[in-house]
Each structure stands twice: as C-alpha cells, then as structure tokens.
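Hello,

Here is the structure I promised to pass on. My notes follow below it.

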Amino acid sequence: MENHFIAISESVKNGDHEQTINRVKEALNRGTPALELLQKGLVPGIQALGALFKEGQVFLPEILISVRAMNRGLEVLRPSLADAEVPKRGTVVLGTVEGDLHDIGKNLVRMMLEGNGYAVVDLGVDVKPKVFFTAAREHKADIVALSTLLTTTMPCFQKVIAALEEGGIRGTLKVMVGGAPVSRAFADEIGAEGFAEDCVRAVEEANRLLTGRKEMAR
Amino acid sequence: MSSLTKERFLDICHYKRPGDLCLCAGFNVFYYQTLKEWVKQGAPDYFLAETFYRNFESRLNAFFALEPLRWLYEVYSGLAYGSWVGKGSARLNLPFFEPRIVCEDERIVTRINPSGQTIRVLKESPDYSMPMFVDWPVKDRASWEEYKKRLDPRSPQRFPADWKAYAARMNAKDEPLLLNVGSFFGFLREWMGLEPLLFALHDDPVLIEDMMDTLCELETICITRAMDGVRVDAAMFWEDMAFKTGPLISPKMFRQFMMPRYRVITDLLRSKGVDIIFVDSDGGLNQLIPLWLESGINFFWPLECAAGNDAVELRKKYGHDAILGGNIDKRALLKSKDVIRQEVMSKVPYLLETGGYFPSVDHFVPPDVPFENFVYLINTLREVAGLPPLPEYRR
C-alpha cells in the first residue's frame, strides 16, 4: 500500500481528525483519486480500529473519535466523489423497534456500518413494523437491522419479520437483531439470520450475512 | 431468617453467615408498570398504592418478605431511585431545574426534568427503563461553570433541615443504613450525554478533570457531614458505565480519571469505619470489577446475565474480596417454572454457601415477568435456604 494511504489509515485509526483532513487534502492535491483515498485510506483505518476493539485494545471513545476523523476526511473527499460510482457493500435499514426509545446502541451501529461502506437508512426509535417494511421495500434493503434494550419489546422483532413476510420481501433480505437482552439463541428462535453484541461485531455480521446471500444467489 | 439488622447485614457482607438468605428490598426492585401488570394478574391492589422505593416498611416488601436496606435518600449526595420523568435520576443539582413539557403528541412527551435533561418518554410507560435523552445541560466549559453553581456541597437543601432529629431517627433504626456517595462517570453522562462525554474525555480532559474534582469535593464534604451524626453501614456509587460486551471507557481512562477520585472517597469511608462500598452498574463488568476492587469498591450489583456476568465465576475468581448481588437472569422469569428453578439452582446454593451474596433479579423486574413467576422465584430462593414458602395469596 502506498505511503499516503497508510498515513491516512493511521490518522483515522488514531482518531486525529485534523491530521486526517490534512493528509486527505495533500493526497488529493497530488492527484490521487478520491475513491482510492476512501477505499485504501479511510476505510482500512476504521477496519483496523474494529479489529483492535474486538481484541479489547480500544474502547468506545476511540471508536467515536476515529469515526469522526473518517467523516471529516470524507467531507473533504465528497465533492470529488460526487461523480464517482462509490460502491456500497449493501443497504441496511436500521431502527429501534416500536415501544422502545433507546438509541445509543443503534446510533453506534449506524456509524460503524457507514464507516465500513454500508448505506444506512436510519428510521430512528419507536419504529412500527410497517415502517420497517415500507423502508426496506423502498430502499431495496439487503439487511433490516433491529435494536431494543427492553425485554418487553423483544417480541416486536417477530412482528417486523411477520410484516416483511406479509409484504413478500422476507426472502430478499436478511434480518439482524441486537440489544441488551438479545442473544444469538433468541435470534435463532425468531428466525433472524443475524445477531451482534456490539457495533463492531454488527459490521462483521452484516458482512457475513451478505457474503452468504451472494453465495446463495449463485 | 431473622429481620435484617445492621449486624446481620454486615455479617453477610463479611461472609460470616453462609446459607443465610437475605432478599434486600433495595436490590429486588420493580418498575411501576410491572406492579400494574401484576395487579391485573391478581396481586394485591396495594402494590400500586405505595411509593415503595422510599417506603421501606411497605406492604409490597412485606408481601415478598423483602428486607429493608435503608437508603439515606434525604441526603442529596447521589442517585435517587424514582421516576425518570418526575424527578430525574440524580439528586445532586440544587436547586432542581423547573420541570416542564417541551412538546407532546399522542404517544410521546418531550420534557425537561429536574436534572436539566431534555428527555422523550412514551406516555403509556413513562417510568419503564430509561427515556430517550435529547439534550443535556452541560455542553462546554461555560455551561459547566453555570451548572457547577448547583453543586454547592453546603447548599442548605442538601441535608434535612433538622439534621440532629433526622440523625437520631436514623440511628434508632435496626436496619442497615446506606449512603449515596455519587459517581464519577454516571453523573458526567447525566450532565453531558454519552457521546459528548466520550468525545470530551479525548478532546477536553481538563474539563473532565474539573467535573470529577467537583464531584469528589462535593462527596467528601457530604460524607463527612452525614457521618457526623448518622452511623452509616454501607456506601453506594452509581455508574452504569458498561454495555453488553464491556466498559464504555478503557481501563486506561478509568485509571487516569476515576481511580484517584474513587480512592479519596473509599479511603475516607474506610477511615470512618465503612468497609462495604457498593457500585450499581449495568452491563458487562468483567473488565471493570478488578479496577473497582483496586479503587476500594467491593460490592457489585446487578451483574446482568445477558452482558456476560457470571456470579459463580466471579466468586471463584475473587473469593471473599467481592460481595455480589443480583445475577438471576430476568429472561428466565419470562419462561417456565422449570427454567426459573434451573436458573436458581445453577448458582444460588453455591453463592449462598460461600457467603457475601444478596440474591435478586439482574436489574429491575420488567413488566413482562408474570406475577406467578416472580412468586415462584421467591419461593424457590426460600426453599434453597430451608425457609417455608410465602403465605398463599388469593385476591
């Protein structure tokens, strides 16, 4: 990898947004294509941080400042990316289910998915099943990601899945769930293909689910 | 089982009463919505008639044979259990902010609570769990300097007006007395919001140090004054500083920002004879417990199972260094009696026998737990301790 890509990745990984901006600007001025700076500089920085998070070497504050650094770098790139075909890993429709107003975990998942190349449609909190269905259909979602903090609203996951089935699009996408009381066993029980314990593992799980989809489609 | 005297509580904490079941009212706690559901399912109507958080002799506690551990809520030095909507979670800022509704629709009301936070809550279940936080009173150094004016440790409202009479009343009680001693992460999050706080830990550590020093000084003065009169048996921090897989900040930040201030407080408490120092934190605590132990804190609740806390493993790892509370998986109570029994039998006999354990569900009992299942849980716990079941109740 060229040095300036490595340097940008490092500045993202270190959460240094000013350095990220400067390095992205320098690389752009040297004529490096914006898309390459995104894919070989900014994104690997966030991915490296995800690995460190899983190993317990970094924590949420480091994730937040790195996502901020990446976003600042992306703002510099955005005018040059306007005409480029930025490939997306997939589209995720995300929200906290009806009856629950918690949004911290969901917001972290959104940030990490976006940082890792996903298009995310964030429906917010207290989202009705029909709204998930409508958004998933409209945006041709690859994944519907559902969050809750409460045991009382865990059954809403099944209602969303039922709405996707009734709408005839269940087979076209994957459902991923998460939240404090949620487990892999519960995900299996309700027929959700994906489960993640935190924002970093949510990206891994989304990658796994979409890899599976591509294999199924072949 | 005898009533929970100071001596019995301290003996359990000091591992001197193996097998003794103490179901503390302060750890076995319920959402109001839970009690409403239970009354619909046949529980006594008086479940709804009492503000049981503060009524330590309530009939609700008596119904489940819960024993009072008395929080000194009248001293505004820390967390206040109660309505998020009506009271806010912290009772540190004095005067309180004037509560008011910002806007509302059919389902949701947005309001400013007495802690100065702007919150959104569902009208149908205003007190169930945390609200959605929309805005916070501290945003930068200028707003912190304003907020700090409400943290005067010598504010006359911080202690009951007739302190001597209050102290005499408390000292006349048999039950153990517990003093809130604040928080070094939880309150900062209450004042700033989680994301702004996590950014500020990197971007403005000087501000964070000042906020924590202010808390440390406030608590030092409050503890000194409270214990100049009341014989406190235990102290409680509140942090809620972990999520499902671990702490919200790194051990390095914990050591840098929190540990030195914890030591000031825990050393002060120990110098005054209080060696039971409790922390309430949700989430996965496995990385935090050794840090808290090093900070002088030795009692952990609620040990949420869904976040990977295992009280049996913790007891094996820390022995008599860690007093444990909670860790009965609330999700088991949503299932069958067999599952509840399995959950109890897999951990409670061992924990009771090794001592220093206070059984409870691993957080507030949620509204989807059937009344019958909670009664079954209590009776199963009593069976483990060789006690008769609760008297049968029919409305």
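How many of the 14 residues of α14(B) are buried? The answer is 10, so the helix is largely enclosed by the rest of the structure. Buried means under 20% relative accessible area (1.4 Å probe, protein chains only). Helices are DSSP runs (H or I, at least four residues), numbered from the N terminus.

Before the rest, the ground rules. This is a predicted model: local features need pLDDT of at least 70, side-chain atom pairs count only at pLDDT 80 or more, and totals for chains, interfaces and linings use all residues. Residues are numbered from 1 along each chain as its sequence is written, chains are lettered from A and ligands numbered from 1 in the order written, and side-chain values use heavy atoms, without hydrogens and water.

Back to α14(B). Among its buried residues are B:F371, B:F374, B:Y376 and B:R382. Their cover includes α2, α3, α12 and α13 of chain B. Just after the helix, B:G386 has a positive phi of about 75°.

Now the interface. Chain B and chain A each give 33 residues to the contact (heavy atoms within 4.5 Å). Together they bury about 2700 Å², 67% of it on carbon and sulfur atoms. That area is the accessible area (1.4 Å probe) lost on being put together, summed over both parts. In chain B, B:M132, B:F199 and B:K244 lose the most area to chain A, together 21% of what that side buries.

There are 2 salt bridges between the chains (a side-chain nitrogen of Lys or Arg within 4 Å of a carboxyl oxygen of Asp or Glu). B:D203 and A:R68 form one, at 2.7 Å, N to O.

Best wishes

Note on methods. Buried area is the accessible area (1.4 Å probe) that two parts lose on being put together, summed over both. Buried means under 20% relative accessible area, exposed over 50%, partly exposed in between (1.4 Å probe, protein chains only). Helices (H or I, at least four residues) and strands (E, at least two) are DSSP runs, numbered from the N terminus.
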